[in-house]
Amino acid sequence: MSVKYDLKKSKDAIGVLYPRIVDKDDREIDGFHRVDADEDWPTRQLDHIDTDVKYWTARITANTHRRGVSKKERKESVIELAKALLAEGYEPSLVNPICVLTTFSPQYIGNLLEDNPEFLKHPGAGGPKGVKPGLTSEQTPKRKTKHDTSDKEKLDNLYKKVQKSAFNGQKPTSQSSIEKAEKLGLDVTHYTEQLENIRQVLNDSVGRQYADVKDDLNDAYKRSTGMKKVLTAQISAEETRITKLKESLRNEVAEEVTQEVVEMTENERLEKLLEEIPDEFSVLRDWVREGFWSIDQIKSLLNNPAKKKQLINILEKAPKKLLEGVKTRKTSLVYANTVVNRLEKHDSPPPLPDGVFDVIYADPPWKYDLPLRGSPNSHYDIMSNEDIYNLNVEGVSIQDKITEDSILFLWATNPKLTEALSVVKKWGFDYKTNLVWVKDKIGTGYYVRGQHELLLISTKGKIPPPIEKNRFSSVLTAPRKKHSAKPEEVYEIIEVMYPNRRYLELFARNQRENWTSWGLEA
Ligand SMILES: C[S@@+](CC[C@H](N)C(=O)[O-])C[C@H]1O[C@@H](n2cnc3c(N)ncnc32)[C@H](O)[C@@H]1O
């Protein structure tokens, strides 16, 4: 069977692993067929192989053990070895010496030398193999040997054996080696060709005689095993090469970096690091240079999509003063972002509602002079005191909306108590009393930390107090909710105190049945 593979191509890859081997006198032992493909194929001379016995032993080892050769060729080599042994003074039987030199089994050597009794005869030896002492070969009872099995059976067994070791179903078991080698960019043509040869022989074996197929199959199989070893060696050589390459590259880079770093001054190092901040955020480099922010803080900001968005919003729209606050870290990003969004909205209030009302409930957006944590303008628009006193939308004043006889429930934060009393006056009411809302949680404050708010109750004209059973305690205990949100209970209290009235809520953020709600966020 001819096995096609391109030795020219494989020279570079496996020439070093598989050189042509010759003995001391240049007699070829192994790999000589490669020279046919490339006359420059590397040669290695084994000087210690300097006798016929050594030469034939080496040839048998190289050519009949490692590669599959026909029984005929193997027999010829063993006969040559037997001759060399005789020439060196060995006496028959030569089975054992050959067995030791070649590691073939004694039975197998006996079998090969069956036709050459001169190598077997020896005083005391049992004569040719297969003949019982004292009996002729005809008289020796025939044992049923493997060779009596039918060709078909033999073929089947061989087929199974090779298939089992070379294939997994139709897939070569060494498919993973091929994939690995291909990944490393190695040429696997020969190996895949060898596997293809096996498949071919197996396919062609149907209908052929065992004897004809056996050698071809063994030959193809052994070649593939040999190629597999080469492939494995190539893979590990390539992997080692790549690992070394990577390591030396790493070392080179590390060396360069260390050198650079050593040569850089502090400032240069900072500037180098600042390059990691993208150009569109170059203003942030100043924030780091001026020492307010660390480079890591800026990087983590930019790596967080939500924070990055806020930052962009602030950088694009914040007034100078606010931006300065963010830069110097006096103002938080979240706060600055909310303020920017509010400023941008610039909402104008809706017109005051139609009709007139006799119960007014109001919670004005007071402006505070001192910045407090969580101060109102981070949550909603605020109004100046004057604008609250003279509440007027598009020429319609708050006084126009209030009946002659009415009542005002006005929320006053503690610092804004005086202003709240002014609102009472300006809107035409007289202060009567108040209800205190005691919160479950403590808040902020300059002298004391606020935990309560006052609801001022004031009247205008003739409006009677509620009947006695509808009078509530002046202390309302209720939990604090979202910023500035007032307790629901207050609506209920007002509705019970003054049932079936025309209710108006000013600066509202909710709608409520039977109420008219007005405000930017109503
Ligand atoms: C203190 S909050 C009212 C909170 C409300 N009592 C609650 O429980 O949710 C003041 C409200 O007045 C609104 N506001 C600010 N400026 C305004 C204006 N010029 N006209 C109308 N409403 C305004 C704010 O948007 C905010 O919703």
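In β13, the residue bridged to Val359 is Tyr503. Strands here, like helices, are DSSP runs numbered from the N terminus (E and at least two residues for strands, H or I and at least four residues for helices). Before going further: this is a predicted model, where local features need pLDDT of at least 70, side-chain atom pairs count only at pLDDT 80 or more, and totals for chains, interfaces and linings use all residues. Residue numbers start from 1 along each chain as its sequence is written.

**The strands**

Val359 takes us to β6, residues 357-362. Since 5 of its 6 residues are buried, β6 is largely enclosed by the rest of the structure. Buried means 20 or more other C-beta atoms within 10 Å of a residue's own, exposed means 12 or fewer, and partly exposed is in between, with C-beta atoms placed from the backbone. As for neighbours, β6 runs parallel to β13 and also parallel to β9. On the β9 side, Tyr361 is bridged to Phe409.

β9 also pairs with β11, this time antiparallel, and there Trp411 sits opposite Leu455. β11 pairs with β10 in the antiparallel sense as well, with Tyr431 partnered by Ser458 of β11. Two strands count as paired if DSSP finds at least two bridges between them. Here are the pairings together:

| Strands | Sense | Bridges |
|---|---|---|
| β6 (residues 357-362) and β9 (residues 402-412) | parallel | 5 bridges |
| β6 (residues 357-362) and β13 (residues 503-506) | parallel | 4 bridges |
| β9 (residues 402-412) and β11 (residues 452-460) | antiparallel | 7 bridges |
| β10 (residues 430-438) and β11 (residues 452-460) | antiparallel | 8 bridges |

**Around the ligand**

Now for the ligand: 14 residues surround it, and Pro349, Asp363, Tyr380, Phe507 and Arg509 come nearest. A residue counts as near if its C-beta atom, placed from the backbone, lies within 6 Å. The shell is made up of 7 nonpolar, 2 polar and 5 charged residues. For those classes, Ala, Val, Leu, Ile, Met, Phe, Trp, Tyr, Cys and Pro are nonpolar, Asp, Glu, Lys and Arg are charged, and the others, Gly among them, are polar.

**Helix α4**

Helix α4 covers residues 71-87, 17 residues in all, and spans 24 Å from first C-alpha to last, close to the expected 24 Å. That expectation is 1.5 Å times one less than the number of residues. Its buried residues are Ser77, Val78, Leu81, Ala82 and Leu85. Viewed down the helix axis, these fall within an arc of 145°, so they line one face of α4; the arc is taken over directions from the axis to the C-beta atoms. The face turned away from the buried side carries exposed Lys72 and Ala87. Just past α4, Gly89 adopts a positive phi of about 100°.
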